[in-house]
Amino acid sequence: MNPKSTFSIAGHPIHPMLIPFPVAAFVGTLFLDIVYARSGDPAWAAATNWMLGAGLVMAALAAVAGLIDFFGDSRIRDLRDAWFHMIGNVVLVVIETFNLWRRMAEGADFIVPTGLVLSLVATALLLFNGWKGWEMVYRHRVGVSEDPGTTR
């Protein structure tokens, strides 16, 4: 039997439903940082704060769902990929929290170059964390129904 996602609706795991939002927001922050670096327009700098804030809120929701799954099935905790995925995402949230905090404290001056570099590091970390997440689904079959015709 495959490891089960314990936090689901009608057999559909919630964690994978939530993760596109922080991913889009954190990559969007990198994009907006680049636009700000090129234009110098303070409106783009303000937009990065909103994008980072939205990403952190959605990351918190995705983290709750992921932790419920992680602690809900010991077979998930036994997976090395699950640990890498979880620790990588904790590091990501710490980086992005620091990134937003410094932007709020220092203003737009923080974005180039430090905020931009942090956004680039965060995006690279997202690629690693996503790779580990997909390893859990495609290799270890976490949350995958045994019978495609039924829900869990």
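This passage walks through the fold, the helix packing, the largest pocket and two local backbone features of a predicted model.

A good place to begin is the overall layout. The protein contains 6 helices and 2 strands. Read from the N terminus, these elements follow the order β-β-α-α-α-α-α-α, with both strands placed ahead of the helices. Along the principal axes, the C-alpha atoms fill a box of roughly 55 × 25 × 20 Å.

The packing of the helices comes next. Two packed helices are described by the angle between their axes and the distance between the axes. Helix 2, which spans residues 20-39, takes part in two of the contacts described here, one with helix 3 and one with helix 6. The axes of helix 2 and helix 3 come within 8 Å and cross at roughly 165°, which makes helix 2 roughly antiparallel to helix 3. The crossing of this pair is left-handed. On the side of helix 2, the residues that meet helix 3 include Phe 21, Pro 22, Ala 25, Phe 26, Leu 32 and Tyr 36. Among their counterparts in helix 3 are Pro 42, Trp 44, Met 51, Leu 52, Leu 56 and Met 58. Sorted by class, this contact has 17 nonpolar, 5 polar and 1 charged residues.

Helix 2 also packs with helix 6, at an angle of about 150° and with the axes 9 Å apart. Helix 2 is therefore roughly antiparallel to helix 6. Here too the crossing is left-handed. Helix 2 brings Val 23, Phe 26, Val 27, Thr 29, Leu 30, Asp 33, Ile 34, Tyr 36 and Ala 37 to the contact, while helix 6 supplies Ile 111, Val 112, Gly 115, Leu 116, Ser 119, Leu 120, Thr 123 and Leu 126. The residues of this contact divide into 12 nonpolar, 4 polar and 1 charged. Phe 26 is listed in the contact with helix 3 and again in the contact with helix 6, and so is Tyr 36.

Helix 6 has a further partner in helix 5. The axes of helix 5 and helix 6 come within 9 Å and cross at roughly 160°, so the two helices are roughly antiparallel to each other. This crossing is left-handed, and the residues of the contact comprise 15 nonpolar, 8 polar and 5 charged.

Attention now turns to the largest pocket, which has a volume of about 1,100 Å³. Its lining consists of 45 residues, and those nearest the centre of the pocket are His 15, Pro 16, Ile 19, His 85 and Met 136. Two or more lining residues come from each of strand 2 (12-13), helix 1 (15-18), helix 2 (20-39), helix 3 (42-72), helix 5 (80-106) and helix 6 (111-139). Helix 6 gives the largest share, with 9 residues. By class, the lining has 29 nonpolar, 14 polar and 2 charged residues.

Finally, two details of the backbone are worth a look. A cis peptide bond joins Val 112 and Pro 113, with omega at about 5°. Pro 113 lies in helix 6, and Val 112 is one of the helix 6 residues in contact with helix 2. The other detail concerns Ala 10, whose phi is near 50°, a positive value in a residue other than glycine. Ala 10 sits in the loop between strand 1 (8-9) and strand 2, and strand 2 is itself among the elements that contribute to the lining of the largest pocket.

Conventions:
Residues are numbered from 1 along each chain as its sequence is written. This is a predicted model: local features need pLDDT of at least 70, side-chain atom pairs count only at pLDDT 80 or more; totals for chains, interfaces and linings use all residues. Side-chain values use heavy atoms; hydrogens and water are left out. On a 1 Å grid over the protein atoms alone, a cavity is a set of points where a 1.4 Å probe fits but cannot get out, and a pocket is an open set with protein on both sides within 12 Å along at least five of seven lines; lining residues have an atom within 4 Å of a point. Grid points are joined across faces, edges and corners, and a volume is the space filled by probe spheres set on the points. Helices (H or I, at least four residues) and strands (E, at least two) are DSSP runs, numbered from the N terminus. Ala, Val, Leu, Ile, Met, Phe, Trp, Tyr, Cys and Pro count as nonpolar, Asp, Glu, Lys and Arg as charged, and the others, Gly among them, as polar. Axes are lines fitted to C-alpha atoms, for helices over the stretch in contact, and angles run from 0 to 180 degrees between N-to-C directions. Angles under 35 degrees count as roughly parallel, over 145 as roughly antiparallel, 65 to 115 as roughly perpendicular and the rest as oblique. A crossing is left-handed if the near helix is turned anticlockwise from the far one by less than a right angle, and right-handed if clockwise. Contact means heavy atoms within 4.5 Å.
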